[in-house]
Amino acid sequence: MTSKAKSKERPGWKDLPSGGFILEPGNATKYLTGDWRLMRPVWDAERCIDCLLCWLFCPDGAVLAEGGKIIGFDYDYCKGCGICAKECPPKVDAIKMIREDEALEEPLSA
Amino acid sequence: MAVAVALQKKVAMTGNEAVAQAMRQIEPDVVAAYPITPATDIVQYFSNFVANGQVKTEFVTTESEHSAMSACVGASAAGVRAMTATASNGLALMWEVLYIASGMRLPLVMTVVNRALSSPINIHCDHSDSMGARDAGWIQIYSENTQEAYDNVIQAIRIAQHPKVLLPVMVMLDGFIISHAMENLEILEDGDVKEFIGEYRPERYLLDADHPITIGALDLNDYYFEHKRQQVEGLLQARKVILEVAGDYQRVSGRSYGLFEAYRMEDAEAAIVVMSSTAGTVRTVVDAMRKEGHRIGLIKPRVFRPFPARDLAEVLRGVKAVAVMDRSESMSTAGGPLFTELRSAIYELEPRPLAADYIFGLGGRDIYPEDVCGIFQRLLAAKPGDICSDPMVTYLGVRE
């Protein structure tokens with residue numbers, strides 16, 4: 001495969017705005033930073049007490065909550081930093097971090 | 001030469017004063033500058049215009065040339081016309097920002113008063129400063145005299161802002177030889193300059209609140225290459241735009257400009273290629289030796305970036321021998337920057353002319369008509385079929 005063929009799904013130089021300008025505001029949402037993740041948080045709904053500490057501490061807003069209850073993770077943006085698992089009270093222990101390569105078999109929980 | 005349609009004043013000015021007058025007539029929105037010999041006068045005169053209320057320009061005095069160029073980049077990205085001037089080590093200090101200006105496709109215009117680079121420290125003319133910046137993605141235009149410096153600065157505005165180009169332009173004049181020498185020149189009326197450059201209306205700019213954009217974003221292996229290819233396209237398109245702008249300028253001023261000047265080249269068998277003020281010396285020698293029956297000519301490149309390789313090759317077709325005079329040393333040990341590019345440009349000519357390089361005038365060393373005469377005599381003595389010159393590089397005027 002040539003380097004040309006490999007990158008053909010992206011626009012060519014004639015179709016890009018010049019100067020590296022990005023013309024669309026708020027387009028960062030299109031960049032799924034979750035694909036950087038090495039460690040995946042896995043949520044145990046049975047053990048969760050909905051204290052929302054993980055939701056509060058997540059630096060990426062990737063813990064999803066609705067009506068004061070945790071409903072899971074947004075894996076599109078979760079970078080796997082593990083702060084949620086660290087902040088989850090030890091007695092509760094509702095979030096486990098597992099390696100992405102080992103987790104590939106399992107479906108994502110949200 | 002066509003009859004000038006616009007009224008012009010004949011004035012006596014130094015090169016720097018003429019550039020400052022052009023800037024006054026252009027009236028850029030922002031001028032950010034830091035003084036350095038021999039370019040200081042330009043912004044000093046201009047600061048007087050600001051202080052006297054003759055222009056509405058925002059004049060930013062910065063703490064270094066790096067900051068001056070950065071302020072110009074900021075102003076241009078915000079959506080206004082920005083200009084500056086520098087020389088020598090000042091240009092060197094702008095280095096990384098030069099690439100940012102061209103990569104962001106910002107139509108800045110800067111005058112560079114050519115001066116040797118330190119060390120050893122020297123304030124006089126050679127082209128080491130701007131030649132070092134030749135690959136920075138800027139358009140480079142070299143001026144022979146005060147009139148050309150004035151005319152080039154005004155044309156540079158139109159070239160830079162052309163939607164097919166959108167690149168910064170550097171206009172050069174020789175330090176002291178032109179920057180501080182009083183010459184007669186014709187200057188246009190203020191209104192004619194304003195009309196010629198037109199209103200600046202960038203398509204995309206940072207302060208356009210209705211169309212927010214990001215400038216200067218990270219651009220990695222998946223997009224950077226495409227953006228560099230676009231930049232090359234701007235330079236490719238610039239060739240035609242420079243000629244169009246020159247045509248329009250001739251209609252206003254009566255003065256004609258091209259990518260280079262070919263002087264008495266029609267039947268020339270030997271030619272010298274040289275830029276800037278030394279072209280005047282060579283022209284005098286061409287006239288004198290033509291009177292003695294020698295078929296010789298002069299090529300004076302005006303536009304060095306983009307390099308008009310094919311156009312130069314065409315005008316050198318049939319010439320037996322060509323000497324390039326480089327006012328800078330590339331330290332490649334294979335010739336100066338003008339020589340290596342010119343020789344590459346004529347590689348495909350059949351028969352291929354002999355090409356020799358003369359490095360001259362470093363640090364302001366004077367050049368005399370006798371030196372130029374000696375070059376022509378060597379070229380004329382070349383035998384047909386000679387393509388190698390020995391020595392390939394001559395240091396003209398250096399003490400052995």
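# A tour of chains A and B

Put chain B and chain A on screen together: between them they bury about 1,600 Å², 63% of it on carbon and sulfur atoms. Buried area here is the accessible area (1.4 Å probe) that two parts lose on being put together, summed over both. What you have open is a predicted model, in which local features need pLDDT of at least 70 and side-chain atom pairs count only at pLDDT 80 or more, while totals for chains, interfaces and linings use all residues. Residues are numbered from 1 along each chain as its sequence is written, chains are lettered from A and ligands numbered from 1 in the order in which they are written, and side-chain values use heavy atoms, with hydrogens and water left out.

**Stop 1: where the chains touch**

Select the residues of chain B in contact with chain A (heavy atoms within 4.5 Å). You should find 16 residues of chain B in contact with 13 residues of chain A. Highlight B:Arg204, B:Tyr223 and B:Gln230 in chain B: these lose the most area to chain A, together 31% of what that side buries.

Now show the side chains of A:Arg10 and B:Asp222, which meet in a salt bridge at 4.0 Å, N to O. The term salt bridge means a side-chain nitrogen of Lys or Arg within 4 Å of a carboxyl oxygen of Asp or Glu. Across this interface the rule finds one salt bridge. Which helix gives the largest share of the side of chain B that touches chain A? It is α9(B), with five residues. Helices (H or I, at least four residues) and strands (E, at least two) are DSSP runs, numbered from the N terminus.

**Stop 2: a helix with a buried face**

Move to helix α8 of chain B, residues 190–197, and pick out B:Val193, B:Phe196 and B:Ile197, which are buried. Buried means under 20% relative accessible area, exposed over 50%, and partly exposed in between (1.4 Å probe, protein chains only). Look down the axis of α8(B): its buried residues fall within an arc of 90°, so they line one face of the helix. That arc is taken from the directions from the helix axis to the C-beta atoms. An α-helix has 3.6 residues a turn, so residues three or four places apart point the same way.

What covers these buried residues? In chain B, the cover includes α1 (15–26), α7 (146–161), β8 (183–188) and α9 (224–253). Just after α8(B), select B:Gly198, whose phi is positive, near 75°.

**Stop 3: A:Glu100 and two arginines**

In chain A, centre on A:Glu100. Its side chain meets that of A:Arg37 in a salt bridge (2.7 Å, N to O). This pair links distant parts of the chain, 63 residues apart: A:Glu100 is in helix α4 (100–103), A:Arg37 in the loop between α1 (3–6) and β1 (39–43). Both A:Glu100 and A:Arg37 are buried. A:Glu100 also forms a salt bridge with A:Arg40, with the closest N and O atoms 3.0 Å apart. A:Arg40 lies in strand β1 of chain A, 60 residues from A:Glu100.

**Stop 4: a network in chain B**

Finish with B:Arg283 and B:Glu144, a salt bridge whose closest N and O atoms are 2.7 Å apart. B:Arg283 sits in helix α10 (278–291), and B:Glu144 in the loop between β6 (139–142) and α7, 139 residues apart. B:Arg283 is buried at 17% relative accessible area, and B:Glu144 counts as buried at 8%. Add B:Glu148, B:Glu261 and B:Lys300 to your selection: together with B:Glu144 and B:Arg283, these are linked in a network of salt bridges.
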